[in-house]
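Subject: Structure for your review

Dear colleague,

Please find below the structure that I am handing over to you. I would be grateful if you could read the notes beneath it alongside the coordinates.

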Amino acid sequence: MPYAQSTDGVSIWYELHGNQNGIPVIFSHGFAFDSSMWSKQLGLFPPSCPFRVILYDMRAHGKSTVGTEHLNISKQTQVEDLLAVYTACGVKKAILLGHSMGGHDNLLFVLKYPERVNGCILYGTGPGFGSDKSRLAWNETATIMAQKYLDHTDTRRIGLGHFCLRAFRQHEGDALYKTLPNGPLTLAKVLPSITIPVEIVVGSADRGFLGASRMMHKKLPVSRYTEIEGGKHLMNISAADAFNSALENALDSLRRHVQTPVQSKM
């Protein structure tokens with residue numbers, strides 16, 4: 001079973017699919033899920049396809065470890081764990097597909113390592129918050145959510161509780177945010193400066209991220225928007241056929257960019 005080793009020794013589980021000589025595409029799941037959430041998409045990637053698909057489990061999720069200290073979970077470790085997957089798989093540059101928190105953290109990766117990303121697929125996600133008032137309100141919600149996990153005796157669920165407190169919430173004291181000009185508010189403010197091609201996929205019934213997805217499409221200079229009628233937050237599972245069609249179109253568009261860079265809005 002393959003593991004990538006992050007900078008602090010945490011083991012990050014990953015698996016490979018598709019054409020091992022193809023264009024790398026790394027799938028990032030959302031909070032409290034793991035790489036198994038993509039099972040209905042794997043049929044799109046036989047060995048003859050043009051993509052090398054890499055799935056991984058975030059720390060404290062799935063088959064990945066938490067580490068000896070629950071405190072060592074942050075947006076900084078999220079970005080460094082993804083970089084560890086790159087290194088373990090010998091990837092120099094990849095397309096990043098992220099759902100919910102995974103999409104948000106992929107955008108943070110773009111800010112730190114722009115030269116390592118060919119493009120992004122942002123699925124049911126957003127860029128965080130544009131004001132501290134909204135961010136702090138979200139942090140209160142995440143704190144209540146975390147307690148539900150921490151009250152369990154199961155060590156994996158306790159790990160998710162600590163993850164929720166330290167990486168699902170958005171802290172100005174996070175090591176990664178300290179390197180950004182506006183801390184946790186940076187991502188929402190710098191969207192117009194992100195020039196890689198971005199495919200935005202969202203369901204019309206995804207109330208949490210429909211507005212954010214539309215806003216990102218307006219602000220990202222090289223973006224394309226797909227809204228799936230009736231699709232919910234986990235439509236890659238509940239409406240897999242519609243999602244898979246959108247995913248194929250998004251990847252085909254990004255593949256063309258890798259071969260011939262796009263300069264204007266799609």
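The notes that follow treat the salt bridges and then the nonpolar cores. Please bear in mind that this is a predicted model.

**Salt bridges**

The search over the whole structure returned ten salt bridges. Three of them are described here, beginning with Arg59 and Asp8, whose side chains meet at 2.9 Å, N to O. This pair joins distant parts of the chain, 51 residues apart: Arg59 belongs to the loop between strand 4 (51-56) and helix 1 (75-88), while Asp8 belongs to the loop between strand 1 (3-5) and strand 2 (11-18). The two partners fall into separate burial classes. Arg59 has a relative accessible area of 0% and is therefore buried, the cut-off being under 20%. Asp8, at 33% relative accessibility, counts as partly exposed because this value lies between the 20% and 50% limits. Asp8 and Arg59 also belong to a network of salt bridges that includes Asp81.

A further salt bridge is formed by the side chains of Asp105 and Lys75, with an N to O distance of 2.7 Å. Here too, distant parts of the chain are linked, since Asp105 is in helix 2 (residues 101-112) and Lys75 is in helix 1, 30 residues apart. Both Asp105 and Lys75 are buried.

The side chains of Glu80 and Lys112 likewise meet in a salt bridge, at 3.0 Å from N to O. Glu80 lies in helix 1 and Lys112 in helix 2, so this pair ties together parts that are 32 residues apart in sequence. Glu80 is buried, with a relative accessible area of 11%, whereas Lys112 is partly exposed at 32%.

**Nonpolar cores**

In soluble globular proteins, nonpolar side chains tend to be buried together. The largest nonpolar core in this model holds 51 residues, and within this core Tyr86 and Phe109 touch the most other members. Which residues are in contact with Phe109, once its neighbours within four places in sequence are left aside? They are Val79, Leu82, Leu83, Tyr86, Leu96, Pro114, Arg116 and Val117. There is also a second, separate core, made up of 23 residues. Among its members are Phe27, Trp38, Tyr123 and Ile228.

Yours sincerely

Note on methods. Residues numbered from 1 in each chain as written. Predicted model: local features only at pLDDT ≥ 70, side-chain atom pairs only at ≥ 80, totals over all residues. Heavy atoms only, no water. Salt bridge = Lys/Arg side-chain N within 4 Å of Asp/Glu carboxyl O. Helix = DSSP H or I, 4+ residues; strand = E, 2+ residues; numbered from the N terminus. Buried < 20%, exposed > 50% of the residue type's maximum accessible area, 1.4 Å probe, protein only. Core = buried A, V, L, I, M, F, W, Y, C linked by side-chain atoms within 4.5 Å. Contact = heavy atoms within 4.5 Å.
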